[in-house]
Amino acid sequence: QVQLVETGGGLVQAGGSLRLSCAASGRLASINVMGWYRRVPGKQREFVATITMVAGSTNYGDSVKGRFTISRDNAKNTVYLQMNSLKPEDTAVYYCYAQADFSDYWGQGTQVTVSS
């Protein structure tokens, strides 16, 4: 009932920046929280950030605090992840998710690669 599409991934040098976008469509009124997870193949999924759609309250994983910023534009049904001071260990597939009234939804992911 909710579809999520991530864009903005790519290749960047260590110390550089990228901005990811997640556009939501479908039953938008049911979405309460949106955010980001990341995963390296063969390893567990890691929490990155969340934002509430009404109040805009944010939470961050310890590994990205002070470097990443999550924001949202409710008029565009879009959530952003501004990533600064990128490190090689940030290399992963970044997945957008949405917490709705009765279900969670996931995007297909966008690859972020940070070179040293």
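This tour moves through the structure one selection at a time and states what is found at each stop.

The model is predicted, so local features require pLDDT of at least 70 and side-chain atom pairs count only at pLDDT 80 or more, whereas totals for chains, interfaces and linings use all residues. Residues are numbered from 1 along each chain as its sequence is written, and side-chain values use heavy atoms, with hydrogens and water left out.

**Stop 1: the disulfide**

Select Cys22 and Cys96. Their sulfur atoms lie 2.0 Å apart and form a disulfide, a term applied to a pair of cysteine sulfur atoms within 2.5 Å. A search of the whole structure finds 1 disulfide. Cys22 belongs to strand β3 (residues 18-26) and Cys96 to strand β9 (residues 92-100), so the bond ties together parts that are 74 residues apart in sequence. Strands are DSSP runs of E with at least two residues, numbered from the N terminus. What is the handedness of this disulfide? The torsion about the S-S bond is about -85°, so the disulfide is left-handed.

Both cysteines can then be checked for accessibility. Cys22 counts as buried at 0% relative accessibility, and Cys96 counts as buried at 0% relative accessibility. Here, buried means under 20% relative accessible area, exposed means over 50%, and partly exposed lies in between, with a 1.4 Å probe and protein chains only.

**Stop 2: strand β1 and its partner**

Select β1. Its covered face carries Val2, Leu4 and Glu6, while Gln3, Val5 and Thr7 make up the uncovered one. Extend the selection to β3: the two strands run antiparallel and are joined by 6 bridges, where pairing requires that DSSP finds at least two bridges between two strands. Val5 has Ala23 as its bridge partner in β3.

**Stop 3: strand β4 between two neighbours**

Select strand β4 (residues 31-39). Of its 9 residues, 7 are buried, so β4 is largely enclosed by the rest of the structure. Adding β9 to the selection shows an antiparallel pairing with β4 through 8 bridges. Within that pairing, Ile31 is matched with Ala100 of β9.

Next, add strand β5 (residues 46-52), which pairs with β4 in the antiparallel sense over 6 bridges. Phe47 in β5 stands opposite Tyr37. The hairpin of β4 and β5 has 6 residues between the strands, and Gly42 there takes a positive phi near 85°.

**Stop 4: the nonpolar core**

Select Leu4, Met34, Trp36, Leu81, Met83 and Tyr94. In the largest nonpolar core, which has 29 residues, these touch the most other members. Such a core is a set of buried Ala, Val, Leu, Ile, Met, Phe, Trp, Tyr and Cys residues joined through side-chain atoms within 4.5 Å. At least two residues of this core come from each of β1 (2-7), β3, β4, β5, β7 (68-73), β8, β9 and β11 (110-115). Which strand gives the most to this core? That strand is β9, with 5 residues.

**Stop 5: Asp90 and its surroundings**

Select Asp90, placed in the loop between β8 (78-83) and β9. Asp90 is buried, with a relative accessible area of 1%. Its side chain reaches the backbone nitrogen of Lys87 at 2.8 Å, a polar contact in the sense of a pair of N or O atoms within 3.5 Å, one able to donate a hydrogen and the other to accept it, with residues adjacent in sequence counted only if both atoms are side-chain atoms. Leaving aside residues up to four places away in sequence, Asp90 touches Arg38, Arg67, Phe68, Ser85, Val112 and Val114, contact meaning heavy atoms within 4.5 Å.

**Stop 6: the salt bridges**

The structure holds 4 salt bridges, each defined by a side-chain nitrogen of Lys or Arg within 4 Å of a carboxyl oxygen of Asp or Glu. Keep Asp90 selected and add Arg67: their side chains meet in a salt bridge (2.7 Å, N to O). Arg67 lies in the loop between β6 (58-60) and β7, and Asp90 in the loop between β8 and β9, so this pair ties together parts that are 23 residues apart in sequence. Arg67 and Asp90 are both buried. Salt bridges that share partners join Arg38, Glu46, Arg67 and Asp90 into one network.

Now select Glu46 and Arg38, whose closest N and O atoms are 2.8 Å apart in a salt bridge. Glu46 is partly exposed, with a relative accessible area of 32%, whereas Arg38 is buried at 6%.

Finally, select Lys65 and Asp62. A salt bridge joins their side chains (3.1 Å, N to O), and both residues are exposed.

Technical notes. Helix = DSSP H or I, 4+ residues; strand = E, 2+ residues; numbered from the N terminus.
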